[in-house]
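Please open the model in your viewer and keep the sequence panel beside it, since each stop on this tour asks you to select residues by number.

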Amino acid sequence: MSEKDRIRWDAAYAGQDPGDEVPALPQVFSGRADLFPVAGSALDIACGTGRGAVWLAQRGLRVWGLDVSGVAIDRANALAERCGISDGCRFDVADLDEGLPPGPPVDVVLCHRFRDRRLDRALIERLSPGGLLAISALSEVGAAPGPYRTPPGELVAAFDELELIASGEGDGEAWLLARAR
C-alpha cells in the first residue's frame with residue numbers, strides 16, 4: 001500500500017474506541033464456527049485490531065496477524081494482552097502489496113474484507129493439507145461496482161482448486177470457506 005493508504009488506515013483505527021473490541025469470528029463466518037480447528041496455527045491477513053486473530057487464539061490456535069496499520073497492530077496486541085492470550089498471538093505490520101511474508105504452512109488462513117488477487121496463489125500455498133481458508137471481500141452483488149469489490153463468482157473461481165465447503169454473495173459481501181486437498 002502507499003504511504004497515503006497506511007496513513008489513512010492509521011487514522012481510521014485511531015478514531016475508533018478500543019474499549020468496544022472483543023474477540024469475535026467475523027459475522028459472515030459465525031454460523032460455521034464449528035468448522036474452525038481448536039489446535040494448530042493460523043494466519044490472519046489484514047487483521048485490523050485483531051478481533052478474529054484473538055478469537056482463533058482463544059480457540060487454541062497459534063496466530064500470526066498482519067496489517068498495514070501500526071495503530072491496528074498496537075490495538076491487536078493490546079486486545080490479546082487484555083484477553084490473556086498474548087503468548088498465542090503475534091502481530092506484525094506488513095505491506096501486503098509486497099506479497100505475503102514467508103512462513104510455514106498453517107491450518108487456517110483468515111482474510112476478512114480484504115482482497116488482493118495477487119495473493120491468491122500464496123494463500124493457497126500457505127495452507128497445510130486439510131487447512132481451512134476463510135475469506136470474505138466486498139462484492140458487487142447487492143452493491144454498486146467499485147475498485148475494491150469482487151464481481152459475482154470471483155472467490156469461488158479463484159480458489160477452485162480447494163475443496164469448497166460453503167460460499168455466498170449478497171448485501172455487498174462475498175465469502176468462501178474451503179479446504180486444501
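The tour goes from a pair of helices to a buried helix, then to the pockets, a cavity and some backbone angles, and the model it follows is a predicted one.

**Stop 1: two helices in contact**

Select residues 3-14, which form helix α1, together with residues 70-82, which form helix α3; the two pack with their axes 7 Å apart and at an angle of about 40 degrees. Angles from 35 up to 65 degrees fall between the roughly parallel and the roughly perpendicular classes, and α1 and α3 are therefore oblique to each other. To see the contact itself, show the side chains of Asp10, Tyr13 and Ala14 on the α1 side, which meet Gly70, Val71, Ala72 and Arg75 on the α3 side. Sorted by class, this contact of α1 with α3 is made up of four nonpolar residues, one polar residue and two charged residues.

**Stop 2: helix α2 and its surroundings**

Move next to α2, residues 51-59, and colour Gly52, Ala53, Val54, Trp55, Leu56 and Ala57, which are buried. Which elements cover these buried residues of α2? Among those that do are the strands β1, β2 (61-67), β3 (89-93) and β4 (106-112), along with the helix α3 that you selected at the previous stop. Before leaving, step just past the end of α2 to Gly60, where phi is positive at about 120 degrees.

**Stop 3: the largest pocket**

Now display the surface and select Trp9, Ala46, His112, Arg113 and Phe114, which, of the 42 residues lining the largest pocket, are the closest to its centre. The volume of this pocket is about 1,200 Å³. Its lining draws at least two residues from each of α1, α2, β4 and β5 (127-138), and α1 gives the most, with five residues. By class, the lining of the largest pocket comprises 19 nonpolar, eight polar and 15 charged residues.

**Stop 4: the second largest pocket**

For the second largest pocket, which has a volume of about 180 Å³, select the lining residues Ser41, Ala42, Leu43, Arg62, Val63, Trp64, Arg90, Pro102, Gly103, Pro104, Val106 and Arg126. The elements that contribute two or more residues to this lining are β1 and β2. The lining of the second largest pocket divides into seven nonpolar, two polar and three charged residues.

**Stop 5: an enclosed cavity**

How many cavities of 30 Å³ or more does a search of the whole structure find? The search finds one, and the volume of the largest cavity is about 40 Å³. Select Ile45, Cys111, Phe114, Arg115, Asp116, Leu119, Leu123 and Ile135 to bring up its lining. Phe114 deserves a second look, as it lines this cavity and is also among the residues closest to the centre of the largest pocket. Of the residues lining the cavity, six are nonpolar, none is polar and two are charged.

**Stop 6: positive phi outside glycine**

Finish on the backbone by selecting Ala46 in the loop between β1 (40-45) and α2, where phi is near 55 degrees, a positive value in a residue other than glycine. Then go to Asp171, in the loop between β6 (163-170) and β7 (173-179), which likewise is not a glycine yet has a positive phi of about 55 degrees. Is Asp171 buried or exposed? The relative accessible area of Asp171 is 79%, and exposed means over 50%, so Asp171 counts as exposed.

Conventions:
Residues numbered from 1 in each chain as written. Predicted model: local features only at pLDDT ≥ 70, side-chain atom pairs only at ≥ 80, totals over all residues. Heavy atoms only, no water. Axes fitted to C-alpha atoms, helices over the stretch in contact; angles between N-to-C directions. Helix = DSSP H or I, 4+ residues; strand = E, 2+ residues; numbered from the N terminus. Parallel < 35°, antiparallel > 145°, perpendicular 65-115°, else oblique. Contact = heavy atoms within 4.5 Å. Nonpolar A, V, L, I, M, F, W, Y, C, P; charged D, E, K, R; others polar. 1 Å grid on protein atoms, 1.4 Å probe; cavity = no way out; pocket = protein on both sides within 12 Å on 5 of 7 lines; lining within 4 Å. Points joined across faces, edges and corners; volume = space filled by probe spheres on them. Buried < 20%, exposed > 50% of the residue type's maximum accessible area, 1.4 Å probe, protein only.
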